[in-house]
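Biologist: Please choose a single part of this model for a close look, and then follow its surroundings outward in one connected account.

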Amino acid sequence: MRVTPHPATQPGLRVPVRVWPGWGLRLSFRGVEVLIAPSAFLVVTMHAVAGWAVCGVIAAGARTALGWPTPSVTGLSAVVVFTVCGLAGVVAHEAGHAVAGRMLGHRLVGVRASAIPAVRLDYDDLAGWRRIFVSAAGPVIQMLVGGVLILSARAWSDPSSLAGWETSATAVMSLALPWPSRSDGGKIWRAAIAALIGRTSR
Ligand SMILES: [Zn+2]
């Protein structure tokens, strides 16, 4: 399979190419370009709001209606725990892509924290099973983190357990849904279909 190296990794280029375009706080760590886009704060806020809704409103309602056990952490602390656990799932997801790429011999060149977090390897266009492996690694690791959060919680109404369910559900959706096409599921579906078509036309 032919793959295209990312322009930012081509040493012959006189003008350095940014791995990530756009606005934000731009850092560099051992040759890895890190972009913290303004929309990253939106993701933190969204997790906090989800934590408030799930740990506060829904869990409190379920405690009354279904007799759920009282969580070990409540109130603002529950929102903080939920947010931190949810974001840990996101970080683990991107780390999963980076580690899978590393296992195939690809270097990590960019990390983006934004509304759509992402990592970029030194090759833009992985194909076939390589693409499936790297694309699936993120959601699979995120799912494992979700599982650990659920299993390690003292009660299933604990904010870390609820965040574990949210993290696992997000991972399953990003793995299974073929849309949008740039999502992990989209990449996996396209690579799998392309491999199948290639096999049958041979
Ligand atoms: Zn991903």
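Modeller: Let us start at Arg 30, which is exposed because 5 other C-beta atoms lie within 10 Å; by the cut-offs used, with C-beta atoms placed from the backbone, 12 or fewer such neighbours make a residue exposed, 20 or more make it buried, and anything in between is partly exposed. The model is a predicted one, so local features need pLDDT of at least 70 and side-chain atom pairs count only at pLDDT 80 or more, while totals for chains, interfaces and linings use all residues. Residues are numbered from 1 along each chain as its sequence is written.

Although Arg 30 is not a glycine, its phi is positive, at about 50°. Most residues other than glycine have a negative phi. Arg 30 sits in the loop between β1 (25-29) and β2 (32-36), where strands (E, at least two residues) and helices (H or I, at least four) are DSSP runs numbered from the N terminus.

The two strands flanking this loop belong to an open sheet of 4 strands, ordered β1-β2-β3-β4, with mixed pairing; two strands are said to pair if DSSP finds at least two bridges between them. β1 and β4 are the edge strands, each pairing on one side only, and neighbouring strands are turned by 15° against each other on average, with direction ignored. Further into the sheet, β2 and β3 run parallel and are joined by 4 bridges, and Leu 35 has Arg 112 of β3 as its bridge partner.

Across β3 and β4 lies α2, running at about 15° to β4; such angles run from 0 to 180 degrees between the N-to-C directions of axes fitted to C-alpha atoms, for helices over the stretch in contact. α2 also leads into the largest nonpolar core, giving the most to it with 8 residues. A nonpolar core here is a set of buried Ala, Val, Leu, Ile, Met, Phe, Trp, Tyr and Cys residues joined through C-beta atoms within 7 Å. Of its 30 residues, Cys 55, Phe 82 and Leu 162 touch the most other members, and the elements that give two or more residues to it include α1 (39-66), α2 (75-103), β3 (108-113) and β4 (118-121).

Phe 82 shows how these pieces meet: leaving aside residues up to four places away in sequence, it touches His 47, Gly 51, Val 54, Cys 55, Pro 159, Leu 162 and Ala 163, contact being C-beta atoms within 7 Å.

Definitions and conventions:
Contact = placed C-beta atoms within 7 Å.
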